[in-house]
Amino acid sequence: MSELRQKVARLRQAYAPHEHRPLGGYLAAMGTYAAVTGAIAGLVKATGRPVPERPATSDVVLLAIATHKLSRLLSKDAVTSPLRAPFTRYDRPIGSGEVMEQVRDSGSSTRHAIGELLSCPFCLAVWVATGFTGALVLTPRLTRLVATALTAVTASDFLQMAYAMAQRGAEGDHRK
């Protein structure tokens with residue numbers, strides 16, 4: 001084994017002696033994120049699109065809500081589970097059309113890291129927000145339209161949950 005591989009093996013052991021942590025996969029994910037971010041920045045520069053000095057508060061709020069929704073759709077929605085299936089295993093339903101999945105431990109460290117990324121709405125939000133932000137510069141009208149739709153779905157979700165809670169409360173009152 002080369003000296004570098006021995007150093008990496010010692011680092012892994014020192015970092016997480018009792019648990020497998022896919023550090024190589026995390027490095028690959030970070031490298032991919034940096035490349036995607038660089039590509040977006042290069043595309044913005046190549047197209048000559050102006051970058052706002054300060055994003056409008058309304059755009060930040062719109063993209064924040066849309067990022068929340070798209071991150072949850074991609075990472076938890078039952079219908080999008082085929083996208084995660086190569087990297088995760090179904091565990092159980094968690095309500096409101098969402099599922100809990102476990103990361104597959106077999107395979108490469110990159111596959112494991114992708115599984116963690118795709119099944120974690122908090123982790124995925126960084127990628128989604130970066131995409132939305134780049135898209136806002138490159139195609140602002142279309143980005144705002146898509147973000148508006150996702151924001152409307154988020155509002156609808158909360159209204160559906162509030163309605164269901166009110167309905168359960170009303171059913172409880174009828175039983176008394």
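This report walks through a pocket, a surface patch, some salt bridges and an unusual backbone angle in a predicted model.

**The largest pocket**

Let us begin with the open space in the fold. The largest pocket holds about 270 Å³ of space. Its lining is made up of 17 residues, and those closest to the centre of the pocket are P52, P55, L63, T133 and L136. Three elements each give two or more residues to this lining: α3 (57-76), α6 (121-138) and α7 (140-175). What classes of residue make up the lining of the largest pocket? The lining has 12 nonpolar residues, together with two polar and three charged ones.

**P50 and a contact across the sequence**

P50 sits in the loop that runs between α2 (23-47) and α3. Is P50 buried or exposed? With a relative accessibility of 66%, P50 counts as exposed, because the exposed class begins over 50%. If you would like to follow the chain from here, try looking across to L138. The C-alpha atoms of P50 and L138 are 8.8 Å apart in space, while 88 residues separate the two in sequence.

**A nonpolar patch on the surface**

Turning to the outside of the model, L142, L145 and V146 make a nonpolar surface patch of about 290 Å². One of these residues, L142, belongs to helix α7. The relative accessible area of L142 is 52%, so L142 falls in the exposed class, which starts over 50%.

**Salt bridges**

How many salt bridges does the structure hold? There are seven in the structure, and three of them are set out here with their N to O distances and the accessibility of each partner.

| Salt bridge | N to O distance | Relative accessibility, first residue | Relative accessibility, second residue |
|---|---|---|---|
| K7 and E3 | 3.7 Å | K7, 46% | E3, 56% |
| R72 and E98 | 2.7 Å | R72, 23% | E98, 16% |
| R92 and D91 | 2.9 Å | R92, 40% | D91, 36% |

The pair K7 and E3 stays within one element: both residues lie in helix α1 (residues 3-15), and they are four residues apart, about one turn of the helix. Here K7 is partly exposed, whereas E3 counts as exposed.

The salt bridge between R72 and E98 links distant parts of the chain, with R72 in helix α3, E98 in strand β2 (residues 98-103) and their positions 26 residues apart. R72 counts as partly exposed at 23%. E98, at 16%, counts as buried, because the buried class covers values under 20%.

In the third pair, the side chains of R92 and D91 meet in a salt bridge. R92 is partly exposed, and D91 also counts as partly exposed.

**A backbone angle worth a look**

Which sign does the phi of S96 have? S96 has a positive phi, of about 55°, although S96 is not a glycine. Most residues other than glycine have a negative phi. You can find S96 in the loop between β1 (88-95) and β2. The relative accessible area of S96 is 62%, so S96 counts as exposed by the cut-off of over 50%.

Methods: Residues are numbered from 1 along each chain as its sequence is written. This is a predicted model: local features need pLDDT of at least 70, side-chain atom pairs count only at pLDDT 80 or more; totals for chains, interfaces and linings use all residues. Side-chain values use heavy atoms; hydrogens and water are left out. On a 1 Å grid over the protein atoms alone, a cavity is a set of points where a 1.4 Å probe fits but cannot get out, and a pocket is an open set with protein on both sides within 12 Å along at least five of seven lines; lining residues have an atom within 4 Å of a point. Grid points are joined across faces, edges and corners, and a volume is the space filled by probe spheres set on the points. Ala, Val, Leu, Ile, Met, Phe, Trp, Tyr, Cys and Pro count as nonpolar, Asp, Glu, Lys and Arg as charged, and the others, Gly among them, as polar. Patches are made of residues with over 30% relative accessible area and no salt bridge: like charges are joined within 9 Å, nonpolar side chains (Val, Leu, Ile, Met, Phe, Trp, Tyr) within 5 Å. Accessible areas come from the Shrake-Rupley method with a 1.4 Å probe; for residues, only the protein chains shown count as cover. A salt bridge is a side-chain nitrogen of Lys or Arg within 4 Å of a carboxyl oxygen of Asp or Glu. Buried means under 20% relative accessible area, exposed over 50%, partly exposed in between (1.4 Å probe, protein chains only).
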